[in-house]
Amino acid sequence: MHTSLLRLALSAVLGAALVAPAAAQQRVSVYTAHTANIVERLVPEFEKATGIKVDVVKAGSGDIINRVRAEAASPKCDVIWSIGAELLEANQDLLERYEPKEAAMIADAFKTNAAWLPYTGIVNVFVVNTKKLKPEEYPKTWLDLAQPRFKNLVSMADIEKSGSAYMQLNTFLTIYGDNEAGWSKFKTVFLNTAVSTSSGAVPRFVNDGEAVVGVTLEDNAYLYLKGGGPVAIVYPEDGTSAIADGMALVKRAPNPAAGKAFIDWSLSAPVQQLVVQELGRRPIRKDAQPLAALKPMDQIKLVKYDIKRAAEKRKDYVTRWQELVQSR
């Protein structure tokens, strides 16, 4: 769908559908791990469609959960928007179950019985600098990142800050084993890695040539590719994960009606198509079409990502990660 048509759909469909909540509540507080460009693109569309003003707090996934927990006695946040699903899974005591208006349109692969909802589908990939590497030099597997030629030239975010980085670690251990042998293999990759404070910074470092390879989300890499940057997207041949990032209504949210309106808007057909066409995310709706510029899902080697297990293992994995950081 063309961008102008999407905007018309946003105004016409959502403006009519959400006018009642907007009249009842004029503000919504949203905590998000979305990159700034996505926030700046989407939030004005919601405000225009509904008349509800959005107060945004942007931080890493881990920091968002820590903040919501610290505020639990007197919540300040209405909606947690776009963070790692395993963090939401592990912190359901902070969340209020809500069934969105178009819950029936969520694809079966992304449905959850938990207190959180899928928002978009995300794929973990490598992004490479095409000025620094020829196609035959691109890393093909996760273990290729451990090659001596990539020493200090691989960028990855900190799993304590970034939900996507935590997914990437889990993906690696799913492939190579959640055991000492798997961790030993990961250490060889980690020793080549420059740790970034955020997932969104990883493709920027690669685009600017400060790193030659980044481990990141497909949509983050796509935005630089779409912008004409010297980057290419690589899907690891030994496997990767495609899962949903999540969103949720916060328990005892100060503005629950506006929070529900924001969730309904985020899952609506025109917004899901906008997220696909302009931002490179994968849709979670049955009726949304994926972006033609991205590799079809049936051509990507995928591993089964166990969200529940990832949630249960988080404390242990963070401890192991900290040990790797300290041992450098």
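## Helix α4: two sides

Let's start with helix α4, where Asn66 and Ala70 are exposed on the other side from its buried residues. Exposed means over 50% relative accessible area, buried means under 20%, and partly exposed is anything in between, using a 1.4 Å probe and protein chains only. A quick word on where this comes from: this is a predicted model, in which local features need pLDDT of at least 70 and side-chain atom pairs count only at pLDDT 80 or more, while totals for chains, interfaces and linings use all residues. Residues are numbered from 1 along each chain as its sequence is written, and side-chain values use heavy atoms, with hydrogens and water left out.

Back to α4, which runs over residues 61-70 and has Ser61, Gly62, Ile64, Ile65 and Val68 buried. These buried residues sit on the same side of α4 because they span an arc of only 160° around the axis; the arc is taken from the directions from the helix axis to the C-beta atoms. They pack against β1 (27-32), β3 (79-83), α5, α6 and β10 (242-250). As for the names, helices (H or I, at least four residues) and strands (E, at least two) are DSSP runs, numbered from the N terminus.

## The nonpolar cores

What holds the most contacts inside the largest nonpolar core? Ile80, Phe186 and Val213 do, in a core of 55 residues. Helix α6 gives the most to this core, with seven residues. A nonpolar core here is a set of buried Ala, Val, Leu, Ile, Met, Phe, Trp, Tyr and Cys residues joined through side-chain atoms within 4.5 Å.

Ile80 links back to α4: leaving aside neighbours within four places in sequence, its contacts include Ile64, Ile65 and Val68, along with Tyr31 and Leu88. Contact means heavy atoms within 4.5 Å.

## Helix α7

In α7, the buried residues are Gly182, Trp183, Phe186, Val189 and Phe190. Looking down the axis, they fall within an arc of 105°, so they line one face of the helix. They pack against β6, α6, β7 and α12.

The N-terminal end of α7 is capped by Asn179, with a side-chain oxygen 3.2 Å from the backbone nitrogen of Ala181. That is a polar contact: a pair of N or O atoms within 3.5 Å, where within protein one must be able to donate a hydrogen and the other to accept it, and residues adjacent in sequence count only if both atoms are side-chain atoms.

## Helix α12 and its kink

Helix α12 covers residues 307-326, and its 20 residues reach 27 Å from the first C-alpha to the last, close to the 28 Å expected at 1.5 Å a residue. The expected span is 1.5 Å times one less than the number of residues. Where does α12 kink? The kink is centred on Arg314 and is about 55°. The bend at a residue is the angle between axes fitted to the seven residues ending there and the seven starting there.

Arg314 is also one of the buried residues of α12, and others among them are Tyr317, Val318 and Trp321. The cover over these buried residues includes α5 (85-90), β6 (154-157), α6 (163-176), α7 (180-190) and β7 (193-196). At the start of α12, a side-chain oxygen of Asp306 comes within 3.2 Å of the backbone nitrogen of Lys308.

## A few residues to look up

Is Asn91 buried or exposed? With 11% relative accessibility, Asn91 counts as buried. Asn91 lies in the loop between α5 and β4 (95-96), and its side chain makes a polar contact of 3.0 Å with that of Arg69.

Most residues other than glycine have a negative phi. Ser82, in strand β3, has a positive phi, near 65°. Ser82 counts as buried at 5% relative accessibility. Asn152 also has a positive phi, about 60°, and is found in the loop between β5 (117-129) and β6.

His34 sits in the loop between β1 and α3 (36-50). With a relative accessible area of 2%, His34 is buried. Its contacts, leaving aside neighbours within four places in sequence, include Ser82, Trp81 and Arg281.
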